[in-house]
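Visitor: Hi, could you walk me through this one?
Guide: Sure, let's have a look together.

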Amino acid sequence: MIAENIRHLRERIVAKCVKFERNSEEIKLIAVSKFFGIDAITEAHRLGITDFGENKAQELRDKYEILEDKVTWHFIGNLQRNKVKYAVKAAAYIHSVDSASLAEEINKEAKKLNKVQKILLEVKTSFEETKSGLSNYTEVLELVEHCSTLSNIKVVGLMTMAAFTENQKIIGKSFADLRNLKDKINKNGFDLSELSMGMTSDYEIAIEEGATMLRIGSAIFGQRNTLKDWRQS
């Protein structure tokens, strides 16, 4: 199943890139592996997936202890300050930074490991109160400027989640807003390159609007059984 899912997904990504005159090599496919076990991750890796995303810091920690740097890890969930050490040790990228205090904690832990941690700033581009993130250009610019003073983190881009809706215009606006925000920030002398946006339900729209990182879970692994421990799957 995973092999067929990956083949179909890659075909769709390439087709959309051709349609919108984009280079598919510029898009990083991140397999969101939360709740899925090591066997599923290993199979996806064997089939050419190199990047995996986790939402829970302790689950990332435990999977990293097994697989270590055999794959490239991304932390994509809400990160509590007391669990930053787990994410920094394992993740090449942390996608969900939305405050100066969190950035400072990441910097502190990265310094202990003599590591420059790549991060993305999470931006709220939808109307849903359940979504988190920075809410406007001023907040994003101030945090980018603050992070530039910290020696052990590097802001490489922005991340968002579109509204949970079937209205493609609303989804597209969320992604276009993030792209425009990145361009506006870069006019201040910064060099943000990554746009982490697009999941199983809306990745094709994200490609159209300039995504460089797609966070895809069920389209690769199938539906999750959230009641089952990943160690048993």
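**A chat about helices and salt bridges**

Guide: Let's start with Glu59 and Lys63: they are four residues apart in helix H3 (residues 57-67), so about one helical turn separates them. Helices here are DSSP runs of H or I with at least four residues, strands are runs of E with at least two, and both are numbered from the N terminus.

Visitor: Before we go on, where does the model come from?
Guide: It is a predicted model, so local features need pLDDT of at least 70 and side-chain atom pairs count only at pLDDT 80 or more, while totals for chains, interfaces and linings use all residues. Residues are numbered from 1 along each chain as its sequence is written, and side-chain values use heavy atoms, with hydrogens and water left out.

Visitor: Ok, back to the pair. What do the side chains of Glu59 and Lys63 form?
Guide: They meet in a salt bridge, with 2.7 Å from N to O. The term stands for a side-chain nitrogen of Lys or Arg within 4 Å of a carboxyl oxygen of Asp or Glu.

Visitor: And are Glu59 and Lys63 buried or exposed?
Guide: Both Glu59 and Lys63 are buried. Buried means under 20% relative accessible area, exposed means over 50%, and partly exposed is in between, using a 1.4 Å probe and protein chains only.

Visitor: What else is in H3?
Guide: Asp62 lies in H3 too. Its salt bridge partner is Arg61, and the closest N and O atoms are 2.9 Å apart.

Visitor: How do Asp62 and Arg61 compare on the buried scale?
Guide: Asp62 has a relative accessible area of 14%, so it is buried. Arg61 is at 25%, so that one counts as partly exposed.

Visitor: Which residues does Asp62 touch, leaving out those up to four places away in sequence?
Guide: Asp62 touches Trp230 and Arg231. Contact here means heavy atoms within 4.5 Å.

Visitor: How many salt bridges does a search of the whole structure find?
Guide: The search finds 13. Glu4, Arg7 and Glu11, for instance, are linked in a network of salt bridges.

Visitor: Got one that joins distant parts of the chain?
Guide: Yep, Glu209 and Arg179: their side chains meet in a salt bridge at 2.5 Å, N to O. Glu209 sits in the loop between helix H8 (203-208) and strand S8 (213-216), and Arg179 is in helix H7, 30 residues apart, so the pair links distant parts of the chain. Glu209 counts as buried because its relative accessibility is 16%, while Arg179 is partly exposed at 25%.

Visitor: Changing topic: how do people describe two packed helices?
Guide: By the angle between their axes and the distance between the axes. The axes are lines fitted to C-alpha atoms, for helices over the stretch in contact, and angles run from 0 to 180 degrees between N-to-C directions.

Visitor: Cool, so how do H2 and H3 pack?
Guide: Helix H2 (residues 38-46) and H3 pack at about 60 degrees, with their axes 11 Å apart. That makes H2 oblique to H3. As for the cut-offs, angles under 35 degrees count as roughly parallel, over 145 as roughly antiparallel, 65 to 115 as roughly perpendicular, and the rest as oblique.

Visitor: Which residues make that contact?
Guide: Ile38, Ile41 and Thr42 from H2, with Lys63, Ile66 and Leu67 from H3.

Visitor: And what about H6 and H7?
Guide: Helix H6 (residues 137-147) and helix H7 (residues 168-186) pack at an angle of about 50 degrees, and their axes are 11 Å apart. H6 is therefore oblique to H7. On the H6 side the contact is made by Tyr137, Val140, Leu141 and Val144, and on the H7 side by Leu181, Lys184 and Ile185.

Visitor: Where does Gly157 lie?
Guide: Gly157 is in strand S6 (residues 153-159). Its relative accessibility is 0%, so it counts as buried. Leaving out residues up to four places away in sequence, Gly157 touches Ile119, Leu120, Leu121, Leu192 and Glu194.

Visitor: Last one: is Lys70 buried or exposed?
Guide: Lys70 is exposed, with a relative accessible area of 61%. Lys70 lies in the loop between H3 and strand S3 (72-75). From Lys70 to His45, 25 residues apart in sequence, the distance is 8.9 Å, C-alpha to C-alpha.
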